[in-house]
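Trainee: Could you take me through one part of this model slowly? I would like a close look at the empty space inside and at the helices around it.

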Amino acid sequence: MNDVLLNGNQYKLLIEASWVTVQLLLYSFAFGCVLALILAIARMSDIKWIRGIALVIVEFARGISSIILLFIIAIAIPYLSGIKQPPLMLLATIALGINMGGYGAEIIRGAIQSVSPGQTEAAISLNLSPLQRLRYVILPQAMRVILPPMGNLTIEILKGTALVSLVGVADIMQMSNNIRQQQLATGIGTLPMLLLNVLVLYFLIAQIINAIFRVAEWRVERRMRGNPALTDEEAAEAMTKLGLEPAR
């Protein structure tokens, strides 16, 4: 059993590094989701040049290797431009966020287009603005289609965070390299057992992400099955929030 376990200090280092990985994942997820939504809407624009620019960005983000994009943003651009290198966490977030945004844009676009056109026509008949149609009618229904693949994509981004150790971010993989150096210096511990512990750590984080998305799917599904009918006062309040005249 002692061959499998690390010592207490090594586990402490891995847990601290896990928080760095989780933070990086959260920042990348937030940036990637915003970028994905913007690109998805741009891809469905009626204006041809906006659709074209969005398509180029999406194909670039999906077509370029994550590690190449990471090196370009974290090392090549600061070096070639001569500017002071921003924090590595920020640069890694941008690289992973762009990667997620490219794939996420196509997921969101497909989900929005899966919503029945009749829903949009009904929202237009209520005189809702394009933003209100997206916020209150289209996206709530599209979330049923968005969440499952978005959960998979988030776990893929989690795996991608292991690449940031190559540019010096002190994530789980970087810390495991440091621990390996300790093992070589002291002659205590083996590489396979160290990697086994790292594997379990990534697996646990992935299962937490999986659980969060399953709960989100369950909540969306329950909402879509229908809630009790609104009272007249609740209906009037909802209409007022949408900027519409309550029915008399």
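Mentor: Happily! The largest cavity holds about 30 Å³ of space. Keep in mind as we go that this is a predicted model. With a threshold of 30 Å³ or more, the structure holds one cavity. Its lining is a short list that you can pick out in your viewer: S66, L70, A95, L96, G160 and L163. By class, that lining has four nonpolar and two polar residues, and no charged ones. Two helices, helix 3 (66–81) and helix 4, each give at least two residues to the lining of the cavity.

Helix 4 takes us on to an open space, the second largest pocket. Helix 4 (88–114), helix 5 (117–125) and helix 6 (130–160) each contribute at least two residues to the lining of this pocket. The volume of the second largest pocket is about 360 Å³. Its lining has 14 residues, and those closest to the pocket centre are I112, T120, R133, L134 and I138. Which helix gives the largest share of that lining? Helix 6 does, with five residues. Sorted by class, the pocket lining has ten nonpolar residues, three polar and one charged.

Now look at how two of those pocket helices pack. The axes of helix 5 and helix 6 come within 10 Å and cross at roughly 160 degrees. Since angles over 145 degrees count as roughly antiparallel, helix 5 is roughly antiparallel to helix 6. Their crossing is right-handed. On the helix 5 side the contact is made by Q119, T120, A123 and I124, and on the helix 6 side by R133, V137, I138 and Q141. Some of these names should look familiar: T120, R133 and I138 are among the residues closest to the centre of the second largest pocket. By class, the contact of helix 5 with helix 6 divides into four nonpolar, three polar and one charged residues.

Helix 6 has another partner to show you. Helix 1 (residues 8–43) and helix 6 have axes that come within 12 Å and cross at roughly 135 degrees. What does that make their relation? The two helices are therefore oblique to each other. Helix 1 also passes helix 6 in a right-handed crossing. From helix 1, the residues T21, L25, S28, F29, L37 and I41 meet L134, L139, M150, T154, I157 and L158 of helix 6. L134 is worth a second glance, as L134 is also listed among the residues closest to the pocket centre. The residues of the contact of helix 1 with helix 6 divide into nine nonpolar, three polar and no charged.

One more pair rounds off the tour. Helix 7 (residues 172–186) and helix 8 (residues 191–224) pack at an angle of about 160 degrees, with axes 10 Å apart. Helix 7 and helix 8 are therefore roughly antiparallel, and their crossing is right-handed. Helix 7 brings I172, M173, S176, I179, R180 and Q183 to the contact, while helix 8 brings L191, L194, V198, L201, Y202 and I205. Between helix 7 and helix 8, the contact residues are nine nonpolar, two polar and one charged.

Definitions and conventions: Residues numbered from 1 in each chain as written. Predicted model: local features only at pLDDT ≥ 70, side-chain atom pairs only at ≥ 80, totals over all residues. Heavy atoms only, no water. 1 Å grid on protein atoms, 1.4 Å probe; cavity = no way out; pocket = protein on both sides within 12 Å on 5 of 7 lines; lining within 4 Å. Points joined across faces, edges and corners; volume = space filled by probe spheres on them. Helix = DSSP H or I, 4+ residues; strand = E, 2+ residues; numbered from the N terminus. Nonpolar A, V, L, I, M, F, W, Y, C, P; charged D, E, K, R; others polar. Axes fitted to C-alpha atoms, helices over the stretch in contact; angles between N-to-C directions. Parallel < 35°, antiparallel > 145°, perpendicular 65-115°, else oblique. Left-handed = near helix turned anticlockwise from the far one by under 90°. Contact = heavy atoms within 4.5 Å.
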